[in-house]
Amino acid sequence: MIHETIYLYEGRKDVTLTTYILSDSKEMLAGKKRPAVLICPGGAYLGCSDREAEPVAMAFGAMGYHTFVLRYTVYGGEVFEQGFEGMIPKKECQYPAPMQEIGLAMLQIKEHAEKWLVDENKVAICGFSAGAHNCAMYATHWYHPVITGLAEEKKEWFRPAACILGYCLSDYLYMKEYTLQDEGATAMFEASNLSYLGEKKVSEEKLLEVSPARCVTKETPPVFLWATASDELVPVQHSIRMANALAEQQVPFELHIFEEGMHGLSLATQASSAFSFQVNSDAAKWVGLADAWLKKRFAITLQE
């Protein structure tokens with residue numbers, strides 16, 4: 001395995017692309033290219049969760065894909081310990097920077113496709129919670145100048161072949177109308193807004209701009225969505241709204257809603273858990289379902 005960390009900005013160590021490139025062998029693909037999955041952990045745009053990073057990369061690696069973990073710009077995970085009081089806006093971590101960094105990661109993957117034996121036409125993006133929102137934003141904006149302006153001569157390089165979204169926040173306008181039951185969750189969402197949008201109370205115009213369920217077009221790639229009906233932090237309606245938007249635009253998608261399970265399950269197995277309540281054998285089925293869904297598009301051609 002080629003395992004290395006690439007810094008996407010000179011002079012900064014917080015935005016990184018970590019590679020999990022499967023080693024080639026004459027006993028397997030013997031020089032053929034493999035599809036790849038680029039993973040964006042969640043963390044409310046305040047941090048990037050380790051639970052939704054390497055464990056997920058290893059799971060997709062076991063399916064036969066090269067994998068990459070993108071740690072995009074966030075406010076700083078220390079606020080979870082220090083508290084949200086006293087937070088001040090940081091321009092460098094605000095929209096559209098996190099979305100653009102998916103584009104920078106895609107450029108790295110495509111530029112190294114020959115060296116890493118990556119099938120440049122089969123690169124999926126996969127995210128969880130805020131990372132899923134970031135991926136959904138990218139999936140609905142990859143062809144806009146905000147992304148293509150990063151490398152005008154390589155516009156097609158930015159297109160993701162597929163998108164996998166776990167417990168995704170897809171509609172900020174809906175979130176504005178939804179009343180969270182927990183004061184701590186409300187404070188975290190306000191902190192997330194401050195980090196991502198620069199203010200705690202955001203205008204409807206701005207919320208519309210960053211609501212991917214309202215930005216789906218026929219240019220959006222196929223999407224796999226999964227969530228739990230009992231998620232109290234990001235209501236399941238977000239996944240349903242995204243699915244409805246995809247259906248209206250006739251974009252291929254698959255939606256799985258599991259009855260039980262908390263927010264932030266990641267793989268929902270012991271591989272990504274610290275506590276027993278982070279394990280859910282029913283919700284863990286999403287991994288196999290995603291594998292089957294990807295094979296419809298990413299199946300590796302093997303020798304007869």
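The exercises below, each with a worked solution, concern a predicted model.

**Exercise 1. Find which residues of helix 10 are buried, and work out why they lie on the same side of the helix.**

Step 1. Begin with the extent of the element: helix 10 runs over residues 237-248, which makes 12 residues. From its first C-alpha to its last it reaches 16 Å, and this is close to the 16 Å expected at 1.5 Å a residue.

Step 2. Next, pick out the residues with under 20% relative accessible area, since this is the cut-off for buried. In helix 10 they are His238, Ser239, Met242, Ala243, Ala245 and Leu246.

Step 3. Now consider their directions around the axis: these buried residues cover an arc of only 160 degrees, and therefore they are on the same side of helix 10.

Step 4. Finally, look just past the end of the helix, where Gln250 takes a positive phi of about 55 degrees.

**Exercise 2. Describe helix 8 by its span, its buried residues and the residue just after it with a positive phi.**

Step 1. Helix 8 covers residues 183-197, a run of 15 residues, and its first and last C-alpha atoms are 21 Å apart, close to the 21 Å expected at 1.5 Å a residue.

Step 2. The buried residues of helix 8 include Ala185, Met188 and Phe189, and among them are also Asn193, Tyr196 and Leu197.

Step 3. Just after helix 8 comes Gly198, whose phi is positive, at about 90 degrees.

**Exercise 3. Locate Ala30 and Tyr167, give the phi of each, and decide whether each is buried or partly exposed.**

Step 1. Recall the background first: most residues other than glycine have a negative phi, and most peptide bonds are trans.

Step 2. Ala30 lies in the loop between strand 2 (16-20) and strand 3 (34-40), and although it is not a glycine, its phi is positive, at about 50 degrees. Because its relative accessibility is 46%, Ala30 counts as partly exposed.

Step 3. Tyr167 is placed in the loop between strand 6 (162-166) and helix 7 (172-177), and its phi, near 35 degrees, is again a positive value in a residue other than glycine. With a relative accessibility of 3%, Tyr167 counts as buried.

Step 4. For a further backbone feature, turn to the bond that joins Tyr95 and Pro96, which is a cis peptide bond with an omega of about 10 degrees. Pro96 is found in the loop between helix 2 (79-82) and helix 3 (97-111).

**Exercise 4. Work out which parts of the chain are tied together by the salt bridges Glu111 with Lys154 and Asp171 with Arg241.**

Step 1. The structure holds 13 salt bridges, and one of them is formed by Glu111 and Lys154, with their closest N and O atoms 3.4 Å apart. Because Glu111 lies in helix 3 and Lys154 in the loop between helix 6 (145-148) and strand 6, this pair ties together parts that are 43 residues apart in sequence.

Step 2. Check the exposure of these partners: Glu111 is partly exposed, with a relative accessible area of 43%, and Lys154 is partly exposed as well, with 23%.

Step 3. Asp171 forms a salt bridge with Arg241, and here the closest N and O atoms are 3.4 Å apart. Since Asp171 lies in the loop between strand 6 and helix 7, and Arg241 in helix 10, the pair ties together parts that are 70 residues apart in sequence.

Step 4. Asp171 is buried, with a relative accessible area of 2%, whereas Arg241, at 32% relative accessibility, counts as partly exposed.

**Exercise 5. Describe the salt bridge of Lys295 with Asp291, and then the polar contact of Ser129 with His263.**

Step 1. In the salt bridge between Lys295 and Asp291, the closest N and O atoms are 2.7 Å apart. Both residues lie in helix 11 and are separated by 4 residues, which is about one turn of the helix.

Step 2. Lys295 is partly exposed, with a relative accessible area of 43%, whereas Asp291, at 17% relative accessibility, counts as buried.

Step 3. Ser129 is found in the loop between strand 5 (118-128) and helix 5 (130-141), and at 13% relative accessibility Ser129 counts as buried. The side chain of Ser129 is joined to that of His263 by a polar contact of 2.8 Å.

Terms used: Residues are numbered from 1 along each chain as its sequence is written. This is a predicted model: local features need pLDDT of at least 70, side-chain atom pairs count only at pLDDT 80 or more; totals for chains, interfaces and linings use all residues. Side-chain values use heavy atoms; hydrogens and water are left out. Helices (H or I, at least four residues) and strands (E, at least two) are DSSP runs, numbered from the N terminus. The expected span of a helix is 1.5 Å times one less than its number of residues. Buried means under 20% relative accessible area, exposed over 50%, partly exposed in between (1.4 Å probe, protein chains only). The arc is that of the directions from the helix axis to the C-beta atoms. A polar contact is a pair of N or O atoms within 3.5 Å; within protein, one must be able to donate a hydrogen and the other to accept it, and residues adjacent in sequence count only if both atoms are side-chain atoms. A salt bridge is a side-chain nitrogen of Lys or Arg within 4 Å of a carboxyl oxygen of Asp or Glu.
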